Amino acid sequence: FFFPSPHTSPLQTMISRIAGANVLRAARANIAPRAMAARNYQSIDKDYAGSEGKALLMTAESALAKSCYSTIDWKISEDTTVMDMLKKMVANNIGAMAVTDASGKVVGVVSERDYLSKVAFLGKTSDCTNVKEICTYGFSNLVTVSPQNPIERCMEKMLGRDVRHLLVRDGKESENIIGLISVKDIVKCTHEKTKAQMNRLEDIITMKNIADSAV
């Protein structure tokens, strides 16, 4: 680097500073494209996923916040007919609903697959069959997660139990269901977390290259 003396002319000072800047640019030319790509990629990711820190810590609560179920009535009474259930599913473009008893407590879950295998396939009539007859019933039979469960744990539960929806409890030991998330919500969160991890790795590599570059 150039440190001007009291006797250095302004023109010499300017030329030396320009030369020094050119040396820095030349030394780092091999990593500049990567650094720029990392920064651009990260800025796009922030627009898409919000805070990178939050994206790295995706949980069931994150999935619930992104889910379409957070904006609709995702519960249905066990005494409702299957036909009415189908109408609600089609109207909201969803594939499952939480089933409630007379007190309003969630006691089961019903999906489009239940309809296909327990009504349509058996030749039953949707108008004469109630939701309770085809749903997965009883809390011990439900696949649930707590809001703090990491998104990877949610995925493991889905794969392990071969389901496409998870009921969300309001606490680790609670039986109070506060929401419903789908495999689509899990995929969204997993995708955003992966992009955030890639951004973080790009930053680490870029900063290491800058630190190691000869100036």
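Helices (H or I, at least four residues) and strands (E, at least two) are taken here as DSSP runs, numbered from the N terminus. On that basis the loop between α6 (112-120) and β4 (136-137) is where Ser-126 sits, and the chain as a whole has eight helices and seven strands. The model is a predicted one, so local features need pLDDT of at least 70 and side-chain atom pairs count only at pLDDT 80 or more, while totals for chains, interfaces and linings use all residues. Residues are numbered from 1 along each chain as its sequence is written, and side-chain values use heavy atoms, with hydrogens and water left out.

Confidence comes next. The mean pLDDT (the predictor's confidence in each residue, from 0 to 100) of the chain is 83, and 75% of the residues reach 70 or more. Residues 30-39 are a weak spot: pLDDT stays under 50 there, and the model has twelve contacts (heavy atoms within 4.5 Å) for this stretch beyond four places in sequence. Residues 41-46 also have pLDDT below 50, with eleven contacts in the model beyond near neighbours in sequence. Across the chain, 62% of the contacts with a separation of 6 or more are between residues 24 or more positions apart. Buried residues (under 20% relative accessible area, where exposed means over 50% and partly exposed lies in between; 1.4 Å probe, protein chains only) make up 37% of the 215 residues.

Now to the sheets. Strands of a sheet pair through backbone hydrogen bonds, either parallel or antiparallel; here, two strands count as paired if DSSP finds at least two bridges between them. Four strands form an open sheet with mixed pairing, in the order β1-β2-β3-β4. Because β1 and β4 stand at the edges with a single partner strand each, one side of each is left without a neighbour in the sheet.

Strand β2 (residues 96-100) is mostly covered, with five of its five residues buried. On one flank, β2 pairs with β1 (residues 75-77) in the parallel sense over three bridges, and Val-99 in β2 is the bridge partner of Ile-76. Helix α5 (residues 82-92) joins β1 and β2 in a right-handed β-α-β unit. Right-handed here means that, with the strands pointing away from the viewer, the path from the first strand over the helix to the second runs clockwise. The pairing of β2 with β3 (residues 106-111) is antiparallel, over five bridges, and puts Ala-98 opposite Val-109 in β3. The hairpin of β2 and β3 has five residues between the strands, and Gly-104 in this hairpin takes a positive phi near 95°.

The other open sheet has three strands in the order β5-β6-β7, again with mixed pairing. Its edge strands are β5 (144-145) and β7, each pairing on one side only. Strand β7 (residues 177-182) is mostly covered all the same, five of its six residues being buried. β6 (residues 165-169) and β7 run antiparallel over five bridges; His-165 stands opposite Ser-182, and Arg-169 stands opposite Ile-177.

Two serines are worth a look. Ser-126, the loop residue, is buried, with a relative accessible area of 9%. Not counting residues up to four places away in sequence, Ser-126 touches Thr-81, Val-82, Met-83, Leu-86, Tyr-115 and Val-119. Ser-111 belongs to strand β3 and is buried too, at a relative accessible area of 16%. Leaving aside neighbours within four places in sequence, Ser-111 is in contact with Met-89, Gly-95 and Ala-96.

Ser-111 turns up again at the largest pocket. A pocket here is an open set of points on a 1 Å grid over the protein atoms alone where a 1.4 Å probe fits, with protein on both sides within 12 Å along at least five of seven lines; lining residues have an atom within 4 Å of a point. The largest pocket holds about 320 Å³ of space, taken as the space filled by probe spheres set on the points, with grid points joined across faces, edges and corners. Of the 20 residues that line this pocket, Val-109, Ser-111, Thr-136, Val-163 and His-165 are the closest to its centre. The elements giving two or more residues to the lining are β3, α6 and β6.
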